Amino acid sequence: MADQRKKWLDKPAVVIDHGATRCVVGMGGESHPRAMVPTVVGRPMESVAMRIPDLKSFYIGSEAELKGNKILNLRRPLYHGMVDNWDDMAKIWEHIFSKHLRVNPEEHPMLLTEAPLVPIINREKMCQVPSPSYSISKAITRLNFGGRDLTDYLAKSLASKCGEKCVRRQSRYGSASGDAKSGVWEVVARKIKENYCYVSSDYNQEVARMNAELRGLPSSLGKNITQTYELPDGQVVNIDFERFKVPESLFQPELIGQPDSPALHQAVPLSIEKLQSQEMPGLKSSAPAMQLDLDLIQLQKTLYENIYLSGGNCRFPGLAERLRMEIYKHANKTTGLSMSVNVKDIPENGGYSSSAVPSAWVGGSILSSLSSFQDMWISRQEYEEIGPSIVHQKCVQATPDGEYGS
């Protein structure tokens, strides 16, 4: 078994960073991913299939998006970081291996990312994919919303401006069946969000500046907030409050109907404050209590000085500085200590360039190639001998409702 495991680990790992909109895929040890695959499966509408008999039974990724939801019923199998349609997710994985990576999944280790605090059942089900591995920290705070929620919020606002009563909200399984309007608005809203939205340094001041601009008063900054955008039907719409109000949802989740979710600037200190000295491998439990406390404080200070942004929602211009200011105010107020806060921007911030290298995928690529990580892989034989519970022996355990066990 040892020789077989060594032969298996001699090959580079497949690294897949799952996202509700797209999966970033590539091979461990490489500096760039090989593909970004839209996380979507489309099946022909019954009425269309009768008129176009040569349509395939389903389309995946870019091919599904190109066909669009005037022809296909589009479904996204990931919702808020969890898989809720395993058949469709399996089709996307198979598509990734056969078309984009061209490797046999049984011959390579595989590192898959998952959302924080997912329930046990989701993780165990994912463990059925050949040779997966997981890495997760105890100090995690989960937000109850994601990029698609911001896109949907913007889509409703734009549709209201253009005379539509409402854009029907996308269902958990994708755009509503037969509702082409909903899909069009989703695509338009995503493009506007990625290219026009920004985080204001002071939300109330930005609202006041926008109101003054609408009254025709000159801007003190010398440039207007309002931008124009041409819709697919040729209609031109003004993008004004939406430019900064949509990203403000990261700091005020109630704007998108999530009043119970922590805001981004609250989640970071909450995660750091969850750390306990007895849980940190770098702190010696045999040390005196006072020294442990001092070491823990120093560790927390180090973490406050090294906050990294990663993911689509972190690409809004102005986010890093606003987050730094908000965390600084929160940390120094709650801890009573003088905390220096440094938020490190991701390199691709300020635009959703197709050449950008996603930070989460790069982390997975580096992790999978480290010699110190090799004992973390789960082999097929281990899975067959122990079962799905093997995944909890090699990563932090989660309880069925998504909270950590002791």
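Contact is taken here to mean heavy atoms within 4.5 Å, and axes are lines fitted to C-alpha atoms, for helices over the stretch in contact, with angles running from 0 to 180 degrees between N-to-C directions. Helices (H or I, at least four residues) and strands (E, at least two) are DSSP runs numbered from the N terminus. The structure is a predicted model, in which local features need pLDDT of at least 70 and side-chain atom pairs count only at pLDDT 80 or more, while totals for chains, interfaces and linings use all residues. Residues are numbered from 1 along each chain as its sequence is written, and side-chain values use heavy atoms, with hydrogens and water left out.

An open sheet of four strands, with mixed pairing, follows the order S3-S2-S1-S9, where two strands count as paired if DSSP finds at least two bridges between them. Strand S3 (35-38) and strand S9 (110-112) stand at the edges, and because each has a single partner strand, one side of each is left without a neighbour in the sheet. On average, and with direction ignored, neighbouring strands of this sheet are turned by 20 degrees against each other. Strand S2 (residues 22-27) pairs with S3 in the antiparallel sense over four bridges, and within this pair Arg22 stands opposite Pro38 in S3.

Two helices are associated with the sheet. Helix H4 packs on the sheet and touches strand S1 (14-17), S2, S3 and S9, its direction making about 40 degrees with that of S2, whereas helix H13 (residues 359-369) lies across S1, S2 and S9 and runs at about 155 degrees to S1. Ala90 belongs to H4, which spans residues 86-101, and is partly exposed, with a relative accessible area of 38%; buried means under 20% relative accessible area, exposed over 50%, and partly exposed in between (1.4 Å probe, protein chains only). The C-alpha atoms of Ala90 and Pro77, which are 13 residues apart along the chain, are separated by 9.5 Å.

His18, in the loop between S1 and S2, is buried, with a relative accessible area of 13%. Its side chain makes a polar contact with the side chain of Trp93 at 2.9 Å, a polar contact being a pair of N or O atoms within 3.5 Å of which, within protein, one must be able to donate a hydrogen and the other to accept it, with residues adjacent in sequence counting only if both atoms are side-chain atoms. Not counting residues up to four places away in sequence, His18 touches Cys23, Leu78, Met89, Trp93, Leu112, Thr113 and Met126.
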